[in-house]
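Trainee: I have a protein model open in front of me and would like to learn how to read it. Could you take me through some features, one at a time?

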Amino acid sequence: MSEFFPEVSSIKYEGTESKNPLAFKHYKADELVEGKSMREHFRFGAAYWHCMRNPLGDPFGPGTAQMPWDDGSDSVENAQKRTHVFFEFLEKTGIDYYCFHDRDIAPELGTLAESNSALDAVVDELEGLQQQTGKKLLWGTACLFVHPRYAMGAATSPCPEVFAYAAAQVKKAIEVTHRLGGEGYTFWGGREGYSSLINTDLKRELDNLGRFLHMAVDYKKEIGFEGQFYIEPKPKEPTKHQYDSDAAACLNFLRDYDLLDHFKLNIETNHAILAGHTVEHDLKVASTAGALGSIDANAGDELLGWDTDQFPTNIYDATRIMLVLLDMGGFTTGGLNFDAKRRRESHEPIDLFHAHVGGMDTFARGLKSAAAIRADGRMKEFVANRYGGWDEGVGAKIERGESNLADLEAYALSKEPVPPSSGRQEMLENLFNEFI
Ligand code: XUL
Ligand code: CO
């Protein structure tokens, strides 16, 4: 150890008095909250693509990230070496899980067969490192959006050859995820959408996407992969419109194509914002449908309006996220993956640590606040009372399905409705603040 990040030792919990920027002030892995350790609540994951592969470029300039361990080549040796850097990072931060795209961990080479064997060689390395450290794969995925062949989509490409290539890539990515004991597999349709409807056969593209996902479900069963499949909604960027635009659109698509039993959603904060929602909204929509699977934790910048993938530092948001999560009983297969990158100006390796430590501490505060709100009970009680009319009389009858329009007309003719009492939004917002 201490080979690649000699300036950082294992990050410890030092409590709120600590002035050490590389110490946890709130995240204490084994501390119990609502009877479960923080580590189990969060199942924190790190994103291989951002930690190891993101050079921190932007549309106006090249990458700035210092990666002294990386020789910049597409060699398998270089790819294997990176896995050791990454696991040192996981060990020192105490992050238990990770996520990857096939092409983050191994290079895309001249042919699919060569790319597949490069992937196998890196997966060998990852398998050994997982065994040594006990770290686990939260989910794997295939990168179906970087290579120019995918410029018009993968499963929704107008070209069947591209569909076939993408299918082959997903097959292999599911296999390696399975081999590494991955607890899930994510489909993020990077370019499954359109830039213009003028040249798009929308129905055909959606039908093909449905077919593609059914093939994946069939293959999963065939090889006995028990991990959870996720769809990650995102409305746009890089395309103008992505079919998996938000939680509701994904659920509708899954229902339409008879896939709902096989998928849950992986909700990402910045994607929900791009869809014109809060993350709390998309989490609620997903969890209400029994389909909230995992979370890609990050933050956007309201002034920039694109997928900035910043690290989460907002305690209000973290509290709202943790409230939804605690209310649904926590993760089963999923976890909290930091799909976040440092700013271009934060180019030193140590910034990776500052970023993740801050994200973990933010969520620890969110968890504690959310648990306190739940223990206090006033918020929940208010909502229960607000809808209390539905528990008795005419409300209960409607909910039992025993009313029709004529009955309700007779009821309405017999008395003036009692108007609802105040929603007390401001009072509840103040109450929420008591716990932050
Ligand atoms: C892109 C994004 C992806 C997915 C995995 O915005 O979030 O990195 O999480 O493909
Ligand atoms: Co994501």
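Mentor: Gladly! Let's start with a term: helices here are DSSP runs of H or I with at least four residues, numbered from the N terminus. Keep in mind that this is a predicted model.

Trainee: Then in which helix does Val76 lie?

Mentor: Val76 lies in helix H3, which covers residues 76-93. Setting aside neighbours within four places in sequence, Val76 is in contact with Ala118 and Ala121. You can also look at backbone distances: the C-alpha atoms of Val76 and Ile105 are 9.5 Å apart, with their positions 29 residues apart along the chain.

Trainee: How do I check the length of a helix, say H7 with its 22 residues?

Mentor: Use the rise of 1.5 Å a residue. The expected span is that rise times one less than the number of residues. For H7, residues 202-223, this gives 32 Å, and the end C-alpha atoms are 32 Å apart, so the two agree. Just after H7 comes Gly224, with a positive phi of about 75 degrees.

Trainee: Which residues of H7 are buried?

Mentor: A residue counts as buried when its relative accessible area is under 20%. In H7 these include Leu206, Leu209, Phe212, Leu213, Val217 and Tyr219. Charged residues are on the list too, among them Glu205, Asp207 and Lys220.

Trainee: And what covers the buried residues of H7?

Mentor: The cover includes helices H6 (160-179) and H8 (247-256). Strands take part as well, including S8 (184-187), S10 (228-231) and S12 (263-268).

Trainee: Now to the metal. Which residues coordinate the cobalt ion, ligand 2?

Mentor: Glu232 and Glu268 do so through OE atoms, and Asp296 and Asp339 through OD atoms, at 2.0 to 2.1 Å. Along the chain, these donors follow the spacing E-x35-E-x27-D-x42-D. Asp296, in strand S13 (residues 292-297), and Asp339, in the loop between strand S14 (336-338) and helix H12 (349-376), are 43 residues apart, so this pair links distant parts of the chain. Asp296 is buried, at 0% relative accessible area, and Asp339 is buried too, at 6%.

Trainee: What arrangement do the donor atoms around the cobalt ion make?

Mentor: Start with the ideal: six octahedral donors have angles of 90 or 180 degrees. Here 6 donor atoms surround the cobalt ion and subtend angles of 80 to 171 degrees, which makes the arrangement octahedral.

Trainee: What surrounds ligand 1?

Mentor: Its surroundings include Trp49, Trp139, Trp188, His101 and Asp307. The four cobalt-coordinating residues, Glu232, Glu268, Asp296 and Asp339, are there as well. For polar contacts, look for pairs of N or O atoms within 3.5 Å. An oxygen atom of ligand 1 is 2.8 Å from a side-chain N or O atom of Glu268. For Lys234, the corresponding distance is 3.0 Å, and a polar side-chain atom of His271 lies 2.9 Å from a ligand 1 oxygen.

Trainee: Back to the protein itself. What does the side chain of Gln130 reach?

Mentor: It reaches the backbone oxygen of Leu180, at 3.0 Å. Gln130 is in helix H5, residues 112-133, and is buried, with a relative accessible area of 13%. Not counting residues up to four places away in sequence, Gln130 also touches Phe87, Tyr98, Lys135 and Leu137.

Trainee: Is Phe5 buried or exposed?

Mentor: Phe5 is buried, at 0% relative accessibility. Phe5 sits in the segment before strand S1 (12-13). Its C-alpha atom is 7.5 Å from that of Ile350, although the two residues are 345 residues apart along the chain. Among the contacts of Phe5 outside its sequence neighbourhood are Trp69, Phe89, Pro349 and Phe353.

Trainee: Last topic: what should I look for in the backbone angles?

Mentor: Most residues other than glycine have a negative phi, and most peptide bonds are trans. Now look at the exceptions. Asp258, in the loop between H8 and S12, has a positive phi near 60 degrees. Asp309 has a positive phi of about 50 degrees and is found in the loop between S13 and helix H11 (315-327).

Trainee: How do Asp258 and Asp309 stand, buried or exposed?

Mentor: Asp258 counts as exposed, at 60% relative accessibility, whereas Asp309 is buried, at 8%. Finally, the peptide bond from Glu237 to Pro238 is cis, with omega near 15 degrees, and Pro238 lies in the loop between S10 and strand S11 (241-242).

Note on methods:
Residues are numbered from 1 along each chain as its sequence is written. Chains are lettered from A and ligands numbered from 1 in the order in which they are written. This is a predicted model: local features need pLDDT of at least 70, side-chain atom pairs count only at pLDDT 80 or more; totals for chains, interfaces and linings use all residues. Side-chain values use heavy atoms; hydrogens and water are left out. Helices (H or I, at least four residues) and strands (E, at least two) are DSSP runs, numbered from the N terminus. Buried means under 20% relative accessible area, exposed over 50%, partly exposed in between (1.4 Å probe, protein chains only). Contact means heavy atoms within 4.5 Å. Donors are N, O and S atoms within 2.8 Å of the metal (3.2 Å for Na, K and Ca); water is not among the atoms, so sites may look incomplete. Four donors count as tetrahedral if all angles lie between 85 and 135 degrees; four count as square planar and six as octahedral if opposite donors are over 155 degrees apart and all others between 65 and 115; anything else is irregular. A residue is near a molecule or strand if one of its heavy atoms lies within 4 Å of it. A polar contact is a pair of N or O atoms within 3.5 Å; within protein, one must be able to donate a hydrogen and the other to accept it, and residues adjacent in sequence count only if both atoms are side-chain atoms.
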